[in-house]
Amino acid sequence: MHGSGWLKENEMNAANILKSKGRGVVTATANKSLLDIAKLLVHHGIGCIVIAGNDDKIAGIVSERDLMHAIGQSGAKVLKEPVSDFMTKKVVTAREADTIDQLMSEMTTHRFRHMPVVERGRLIGLVSIGDLVKIHVADAEFESGAMRQYITSQPSLLFDQAYRL
């Protein structure tokens with residue numbers, strides 16, 4: 001672990017992300033209307049909602065993008081329709097042991113920004129592309145700071161470079 005509080009990228013996995021950000025996930029049932037989903041997204045300030053089935057398993061996922069696509073295609077009347085008609089039903093999930101490189105690869109390949117984390121068949125959290133970007137930025141800032149500190153602690157490097165000019 002370094003100054004930013006994150007592990008090095010190759011050691012970071014979904015479990016570490018959830019430990020840092022929390023495991024709370026907003027869920028709804030498949031019979032909720034798209035308007036209900038839109039209100040939940042706004043109320044919680046989030047980009048997606050996991051749709052839970054009767055057995056508490058993941059039945060689907062719906063994002064802001066899905067909502068806009070539905071309205072753009074069919075107009076505001078779709079807001080009365082059940083989310084089950086518009087949600088993504090084949091949900092790609094992660095496990096706690098999945099690394100950030102694996103998570104980013106899945107999100108990039110399948111072109112989505114949110115990935116539920118599931119262990120033993122239970123939803124235990126959600127990782128977003130924003131979480132992964134935050135890790136990359138923190139790691140880059142750490143490396144930049146470490147490099148600056150190294151260079152300034154080695155005056156001979158500075159003088160050597162100045163002398164060559």
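## Two arginines and two cores

R120 is exposed, with a relative accessibility of 83%. The model is a predicted one. R120 sits in the loop that joins β4 to β5. Its phi is positive, near 50 degrees, although R120 is not a glycine. In general, most residues other than glycine have a negative phi.

R111 also has a positive phi, near 60 degrees. R111 belongs to the loop between α4 and β4. R111 counts as exposed because its relative accessible area is 68%, and the cut-off for exposed is over 50%.

The table sets out the two arginines.

| Residue | Loop | Phi | Relative accessible area |
|---|---|---|---|
| R111 | between α4 and β4 | near 60 degrees | 68% |
| R120 | between β4 and β5 | near 50 degrees | 83% |

Now the interior. In soluble globular proteins, nonpolar side chains tend to be buried together. Here the largest nonpolar core holds 14 residues. I17, I100, L103, V117, V127 and L132 have the most contacts inside this core. Five elements give two or more residues to this core: α1 (14–21), α4 (100–110), β4 (114–119), β5 (122–128) and α5 (129–152).

Which residues does I17 contact, leaving aside its neighbours within four places in sequence? The partners are M12, G22, I100, L103, V127, D131, L132 and I135. Among them, I100, L103, V127 and L132 are also listed with I17 for the most contacts inside the core.

A second core is separate from this one and has 13 residues. I49, I51, V62 and M87 are among its members.

Terms used
Residues numbered from 1 in each chain as written. Predicted model: local features only at pLDDT ≥ 70, side-chain atom pairs only at ≥ 80, totals over all residues. Heavy atoms only, no water. Core = buried A, V, L, I, M, F, W, Y, C linked by side-chain atoms within 4.5 Å. Buried < 20%, exposed > 50% of the residue type's maximum accessible area, 1.4 Å probe, protein only. Helix = DSSP H or I, 4+ residues; strand = E, 2+ residues; numbered from the N terminus. Contact = heavy atoms within 4.5 Å.
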